Amino acid sequence: MTSTIPARRAPEAAEPAGLRRTLTTPRIVFLVVAAAAPMSGVVGSVPLAYAIGNGAGVPATFALAGLILLCFSVGYAAMSRHVVGAGGFYTYIGKGLGRPLAVAGGLTAVLAYTAAVAGVAGAFGYFAELVSAAHGLVAPWPVWTGGALALTAVMGYRRIDLSARLLAVLMVAEVAVLVVLALAIGARHGADTLPVAAFRPDTVFSPGLGVALMFALISYVGFEAAALYGEESRDPRRSVPVATYTSVVLITVFFAVISWAAVGAVGADRVAERAGAELGDLFFHLSDDYLGSFATSVMQVLLCTSLFGALLGLHTAANRYLFVLGRERVLPVSLSRVHPRHASPYRASVVLSVATAVVCALFALAGAHPYTNLATTMLALGTVGIVGLQAAVAVAVLVFFRRHPDAHWWRTRLAPALALVGLTGALYLLLDNFPLVTGTDSVWVNRIPWLMPVAALGGLGYAAWLRARAPERYRAIATAQDTPDL
């Protein structure tokens, strides 16, 4: 099996790209859920949702976000049974809405995922600096970020099942600690641990619902990545749908239950005020109270490993986009090279690692704060792009099944339509509240989301150029295997 694709060879002829089918359904789930970074989501996003969102209604807000994304997953999974590849949004949009929009979606996905990777790298550096300093090891955040990016580059260069094993260990550890915290709260408060007030309509549908929903959706970034591993799955027809559903359910249940237990521990009428005062320390203080200082130290370390897991998971997803766009010659064909021994898209991984390092270095040289500037801005930008792409995929599902014999009133019609409504509303909330996410009033920073439509318009223009000047390359855009042929 060749490790490169000749520059003048049609992409269709290079379809056995060298990616090996080593991923089982559980491994895909670990890759996807780890990208959602359960520990860092709880420590970072949940207190903000309490403080400037709908307070005690946050657990119900996670349930609402989960319902929206489950509706999206229904159509997404239905389409995954007919289309399999490593192209994710790019391929799905192409199959449903045509090649020009596929290119627009592919370039937008590359920008969104690269921004998300850089944002997580900045957050890792910030928290690693704080945690290490608390234990007597002093090093500035660029050192920690650089080390994490180097380790991510090594893992991305090697076989993907190795990354999946590491992420499984890290994710189980961070989830276990937070579950133990919830159990400790339950042991002290009994039935009051999960107060009914958190799900009362007047609590949930308060004026801060939109902001809380925005923070909830940020916690799901990357859940749709299961489809990116279709070519590396042993049974993609089954694994991709099951992994997608499982990931959404696990993320929803986890965040809803942990945030609900915290409401019970603090009190429904006091949680917003206390979260506003303590922010990222809220769950550490709860751990001190219910589990002791040793458990809190463990949580602090696992916060860093959680962020590394998210970094590795998002990096793995992003380099699949570069790989496929290179294989289909939308981007340079060298990005599609597969390592002869590790069967990894190593060239795409290296390029992504360098790009991420450059972004982080620019922020560091500018003296920007790694969390309030780099992390928040890049993660917000990535979330805007990914939610916009999810909305586009919901439309693609509706169009793809419009005259398809497998069309179904729920799976391919109503569920994607409901998802489209929810995702469009979420995108509006993200854009309307972008300054809240970035934490700055800077006009230039808050105009960064315009990079997404610029990337999409550039993709449309590039597709038009390919159609006129390189028709063979244009016809190969958004190609994918058909599952019955696997």
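Does Thr203 count as buried or exposed, and at what relative accessibility? Thr203 counts as buried, because its relative accessibility is 14% and the cut-off for buried is under 20%. That is one residue in a predicted model. The rest of this report moves from the whole chain to the core, and then to two residues.

**The whole chain**

The chain has 20 helices and zero strands. Its radius of gyration is 22 Å, close to the 23 Å that the globule rule gives for 486 residues, so the chain is as compact as a globular protein of that length. Along the principal axes, its C-alpha atoms fill a box of roughly 65 × 55 × 45 Å.

Buried residues make up 58% of the 486 residues. Contacts also reach far along the sequence. Take the contacts with a separation of 6 or more: 82% of them join residues 24 or more positions apart.

What about the outside? The accessible surface comes to about 18700 Å². Carbon and sulfur atoms account for 65% of that surface. The chain carries 33 positive and 24 negative charges. The mean positions of these two sets are 14 Å apart.

**The core**

Which residues have the most contacts inside the largest nonpolar core? They are Tyr50, Phe89, Tyr90, Phe283 and Ile477, in a core of 150 residues. Phe283 is in contact with Tyr50, leaving aside neighbours within four places in sequence. On that same basis, the other contacts of Phe283 are Val42, Val46, Pro47, Leu181, Ile258, Ala262 and Met299.

**Two buried residues**

Thr203 is found in helix H8, which covers residues 201–204. Ser259 has its place in helix H10, residues 236–266. Ser259 is buried, with a relative accessible area of 1%. The table lists their contacts, without residues up to four places away in sequence.

| Residue | Relative accessible area | Contacts |
|---|---|---|
| Thr203 | 14% | Asn54, Ala56, Gly57, Ala197, Ala198 |
| Ser259 | 1% | Val46, Tyr50, Val58, Pro59, Phe62 |

Ser259 touches Val46 and Tyr50. Phe283 is in contact with Val46 and Tyr50 too. Tyr50 therefore links this part of the story back to the core, where it is among the residues with the most contacts.

How far is Ser259 from Ala394? The two are 135 residues apart along the chain, and their C-alpha atoms are separated by 29 Å.

Definitions and conventions:
Residues numbered from 1 in each chain as written. Predicted model: local features only at pLDDT ≥ 70, side-chain atom pairs only at ≥ 80, totals over all residues. Heavy atoms only, no water. Core = buried A, V, L, I, M, F, W, Y, C linked by side-chain atoms within 4.5 Å. Buried < 20%, exposed > 50% of the residue type's maximum accessible area, 1.4 Å probe, protein only. Contact = heavy atoms within 4.5 Å. Helix = DSSP H or I, 4+ residues; strand = E, 2+ residues; numbered from the N terminus. Rg over C-alpha atoms; globule rule 2.2 N^0.38 Å. Areas by Shrake-Rupley, 256 points an atom, 1.4 Å probe, with all protein chains shown as cover. Lys, Arg positive; Asp, Glu negative; His and termini not counted. Charge placed at Lys NZ, Arg CZ, Asp CG, Glu CD.
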